[in-house]
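Biologist: Please take a close look at a single part of this model, namely the ligand and its surroundings, and then comment on a few loop residues.

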Amino acid sequence: MRTVLVLNGPNLDKLGTREPMVYGNTTIADISAMCVSFGADHDMSVDFRQTNSEAELIGWLHEAAETSTPVVMNPAAFTHYSVAIRDAAAMLTAPLIEVHLSNPLAREEFRHTSLISGIAHGTISGFGAQSYILALQALATL
Ligand code: DQA
């Protein structure tokens, strides 16, 4: 069974109550359960994590690089400005899929730039919690 890391950045711990008109009512615990269950049905062990700390997220990316583990990542706000997250993600050797619940390109202009997309295998945005499942599905077929 292969392990897949699903990494989540800042404020995603507040899903469910955070701007529900944008992000819906699904909590991070719900998304974690969906991902773990999808993984179990597709021979994948899903290790789902969330942090508000840039340093911790960088540490997890280093771990994934050292172990050649595929990553699904919602970098949240770090997407738009963190060169440090991009640099850490650039070290990955297994595929990286960038995910977003919302479609950042349909939102404020400052969200139109992703420092991650250019080094990701692909990006899935705008499908709510389903974005994560589509990303795991993509990984399962890569
Ligand atoms: C997000 C989009 C980002 O612009 C925002 O900063 C987030 C969530 C999304 O999943 O839609 O925190 O990554």
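**The ligand site**

Modeller: An oxygen atom of the ligand is 2.7 Å from an N or O atom in the side chain of His-80, a separation within the 3.5 Å allowed between N or O atoms in a polar contact; within protein, one atom must also be able to donate a hydrogen and the other to accept it, and residues adjacent in sequence count only if both atoms are side-chain atoms. The side chain of Ser-102 also places an N or O atom 2.6 Å from an oxygen atom of the ligand. At Ala-77 the partner is a polar backbone atom, 3.3 Å from a ligand oxygen. The protein covers 99% of the 330 Å² of accessible area that the ligand has on its own (Shrake-Rupley method, 1.4 Å probe).

The model is predicted: local features need pLDDT of at least 70 and side-chain atom pairs count only at pLDDT 80 or more, whereas totals for chains, interfaces and linings use all residues. Residues are numbered from 1 along each chain as its sequence is written, and side-chain values use heavy atoms, with hydrogens and water left out.

The residues surrounding the ligand (a heavy atom within 4 Å) are Arg-18, Tyr-23, Asn-74, Ala-76, Ala-77, His-80, His-100, Leu-101, Ser-102, Arg-107 and Arg-111. By class, this shell has four nonpolar, four polar and three charged residues; Ala, Val, Leu, Ile, Met, Phe, Trp, Tyr, Cys and Pro count as nonpolar, Asp, Glu, Lys and Arg as charged, and the others, Gly among them, as polar. The ligand sits in the largest pocket. A pocket is an open set of points on a 1 Å grid over the protein atoms alone, where a 1.4 Å probe fits, with protein on both sides within 12 Å along at least five of seven lines; to sit in it, a molecule needs more than half of its atoms within 2 Å of its grid points.

Turning to the loops, Glu-19 lies between strand S1 (2–8) and helix H1 (20–23) (DSSP runs of at least two residues for strands, E, and at least four for helices, H or I). Glu-19 has a positive phi of about 30 degrees although it is not a glycine, and its relative accessible area of 41% makes it partly exposed (buried is under 20%, exposed over 50%, partly exposed in between). Asp-43, in the loop between helix H2 (28–41) and strand S2 (44–50), is likewise not a glycine yet has a positive phi of about 60 degrees. Thr-69, in the loop between helix H3 (54–66) and strand S3 (71–74), is buried at 11%, and its side chain makes a polar contact of 2.7 Å with that of Thr-67.

Notes: 1 Å grid on protein atoms, 1.4 Å probe; cavity = no way out; pocket = protein on both sides within 12 Å on 5 of 7 lines; lining within 4 Å. Buried < 20%, exposed > 50% of the residue type's maximum accessible area, 1.4 Å probe, protein only.
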